Amino acid sequence: MNLLRRKSKQIFIILLSLIVCTALAGIRPLKVSADSGSAAAPVYTGHNSWSQLTTSNGLAAAIYSAAQGKLIRFQRHIYSHVDANSTTPNFMWDSYFGYGIDGGKATWLNNVAVDSAKYVNGTNIINAVQNDNGLQFDSYYFTPFSGKNQHQSSLLVLLMKVTNNSGTDKKVSVFSSENLHLGTDYGTTDEQTAYNANNDYLKEFNGKNGSIAIYKNLNLSNEHHETGISGSGTGNNPWYDAANNGKLDDHVVSEGNDISAGFENRTNELAAGQSKWYGVIIGLNEDRNESNLSDDVLSLANTALSSPEALLTQEKDWWANWHSKEKMPAGLSEQEQQVYRQSTAVLKMSQSRESGSSYGQVLASLIPGEWSIAWARDGNYSIQALIESGHYQEARDALKFMFDAKMRQAEDGSGENYYQKNFIESTDTSPPTYGLGVHLSSNYLISVCRYFGNGTEESDWNNNGPNIEFDGWGLFLWSVDQYVRATGDTGFLADNNKNYWNKLTKQDADLLIELIDPANGLIQPDSSIWEEHWTPFNVLGTAPSRQQFAYTDITAYQGLKSAADLAKLMGDERSENKYSDAAASIKDAVLNHLVVHSDGYRTIASSLERKNDPSHYNDGSTVEAINFGLVNPRSNLASGMIQAFNQNLHITTGSTPGFKRDQDGDLYDSREWGFIDLRIAGALSKMGRDGEAKTLLDWMTSQASANYNLIPELLDYNTQDYAGSVPMGGFGSGSYILGINDYYNQQKSGNERQQ
């Protein structure tokens, strides 16, 4: 299948010289300290450039567009593909509320400006505020974590509080429009609707594909309903009848193409200053099972019998309880606390709760980001952030998912891993195989790229072959070590006759050692962090191509150090010595073969193949050498690396202190990378360069504060608008949590040393 490539290289070359003059006008001058007269760090201020808010509960996901004033997406899985033969569809065309006064024609709120939109901080609850005709409309949208949902149905709650601020009493009708596309092939054909009088809900379904939706109105005061054929020029549907007749007439069409549903609560008295609550629950499944779906919808609706507001309170309480376990370093500003809480919420939203093989996987991004797939690398950064923020059960679930995931099997029935047999171990060095010819003693444990929703391995391909990445193997060892350190849960590895410990050693740590190139002590060539695909560098002479990347060696070093720590805990002295020695040997190889001299300082080259190319060897991912302790943070080499980043990777257009990821020069690489900014901030904190670290953290905090407290994958290199996938998980929210902890924990350590 053709999945969108994460490494979406474009054929665009950035002509920075053409935009520098324009961009310079936006650069803020250095602020001068009033008391000393010395130049202080410039202040960089974020701005709003994003308009979509995502809600997810690990089972389903939806999107509210603040620009359009309506819900525009609702899907049954949080991930993009269950397996190689499927794509998770968006069932929602749109949904929104409306109102009328004194029985007059309705105004649909997607036509009323949104005054503000935000998350209820630290939750998946989206809150939008609109004002019109003396009325204030506070709407809330969320996929609920709270409630029973025993059949794991896809549920979406739409609530609205209407407040009469006009100073005079009004009779207000409240409307809602729900337009899902349940047609054949996920389009609009062959839709059917019916009204269930016993349970007072509308049902939309498709007898051919099994799709079924239930729409349940939550305020029974003067309730009416309607379904009808939608589309340009149509009438006798909820949208038309509300907008033109001011009321719905309770008719239901049995079948047709593009049917929409709607509810009305007619002419409710609303005194001056009074508020009333309204709401709708949408339930969705694809299994034809109305009984199970209605059980889950009605169970949730039962909470709203007193008022629809009770559903909001229940969900807020669920989140308050979840955050009560949270660890946050002392000293954070109010803005930082809000971004931190929303970042942990994004990680929670990004983790699948579907029972079975999907359970526990953490996506690289939520929708609308295109990386709503579980990457091994991104997932490990998310796990680290969950550990550091005290969410140990979520971290454990994510680790368990990776331990139990199924690798793609070779097609010959041998039981060997597909990528291992056909690429890593293959001795066929001709195209397109380009085999490494490295025999591994066991099937590897951790995916060479990512996972489908059903927990099976997947890697994307292009003309340069698949992505085969070894960095996830080292990162996983790091994550397991950090989890066991934080929790003391050695039983996680020791239970079931040391099942997980045996997997970790034989199918991960031992294989990293087997991947050490005897010629230079570095890890064999791979696709690595930026997913450069499999064709060797000596074939292409440029990137993207397979290389002996510094990042992969740095993660292998960290992973084997972690494996040694775990072996000590497990009482396995032989393995402890073996892994410790291997980590030391990789460190020596990096320092001996990848350190380059440039302009009077030293830095680490991106790869062995590019160490003699100063125009391309700077890569922000090498900062992990400082973060993982391969390079002493107080050393001249660490200082040289930061100097290299400042000189070669710093964004010079617009107004930002941030960095691109490398020097390859295409659009994707040359935008500002939130992950790189935040990992450099962490390294600067460890180096004692607090001012520079805080400038980067403040910049990302300021941008997030202006954009619903979400961390993006990318920022535009000229405007600093949000770009790429938003919200980002491990490379976004996770990295923010790690960066904040690096900075404030370093402050705490410094204060303790001074006492």
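By a pocket I mean an open set of grid points with protein on both sides within 12 Å along at least five of seven lines. I keep in mind throughout that this is a predicted model.

**Entry on the pocket.** I looked up the largest pocket and found that its volume is about 300 Å³. Its lining consists of 14 residues, and those closest to the centre are K327, I387, E388, N741 and N745. I then asked which elements give two or more residues to this lining. They are the helices α6 (376–388), α9 (471–487) and α19 (729–754). Sorted by class, the lining holds 6 nonpolar residues, together with 4 polar and 4 charged ones.

**Entry on an open sheet.** I next turned to an open sheet of 3 strands, which run in the order β18-β19-β20 with antiparallel pairing. At its edges I noted β18 (374–375) and β20 (457–458), each of which pairs on one side only. Looking at one pairing in detail, I found that β19, residues 450–451, is joined to β20 in the antiparallel sense over 2 bridges. Across from Y451 I found E457, which belongs to β20.

**Entry on aromatic pairs.** Searching the whole structure for aromatic pairs, I obtained 35 of them. One that I followed up is formed by Y381 and W478, whose ring centres are 5.9 Å apart and whose planes stand at 75°, an edge-to-face arrangement. Why does this pair tie together parts that are 97 residues apart in sequence? The reason is that Y381 lies in helix α6 whereas W478 lies in helix α9. I also checked whether the two residues are buried or exposed, and both Y381 and W478 turned out to be buried.

A further pair that I looked up is F470 with W473, where the ring centres are 5.2 Å apart. Their planes meet at 55°, and because planes over 60 degrees apart would count as edge-to-face and those under 30 as stacked, I record this pair as tilted. F470 and W473 are both buried.

Returning to Y381 and W478, I found that they belong to one aromatic cluster, together with F628, F675 and F731.

**Entry on charges over rings.** Lastly, I looked for charged side chains placed over aromatic rings, and I noted two cases. K203 lies over the face of F205, at a distance of 4.5 Å from the ring centre. In the other case, the charged end of R546 sits over the ring of W534, and the distance to the centre of that ring is 4.3 Å.

Key: Residues are numbered from 1 along each chain as its sequence is written. This is a predicted model: local features need pLDDT of at least 70, side-chain atom pairs count only at pLDDT 80 or more; totals for chains, interfaces and linings use all residues. Side-chain values use heavy atoms; hydrogens and water are left out. On a 1 Å grid over the protein atoms alone, a cavity is a set of points where a 1.4 Å probe fits but cannot get out, and a pocket is an open set with protein on both sides within 12 Å along at least five of seven lines; lining residues have an atom within 4 Å of a point. Grid points are joined across faces, edges and corners, and a volume is the space filled by probe spheres set on the points. Helices (H or I, at least four residues) and strands (E, at least two) are DSSP runs, numbered from the N terminus. Ala, Val, Leu, Ile, Met, Phe, Trp, Tyr, Cys and Pro count as nonpolar, Asp, Glu, Lys and Arg as charged, and the others, Gly among them, as polar. Two strands pair if DSSP finds at least two bridges between them. Rings of Phe, Tyr and Trp (its six-membered ring) pair if their centres lie within 6.5 Å; planes under 30 degrees apart count as stacked, over 60 as edge-to-face and the rest as tilted. Buried means under 20% relative accessible area, exposed over 50%, partly exposed in between (1.4 Å probe, protein chains only). A charge sits over a ring if NZ of Lys or CZ of Arg is within 6 Å of the ring centre and within 35 degrees of the ring normal.
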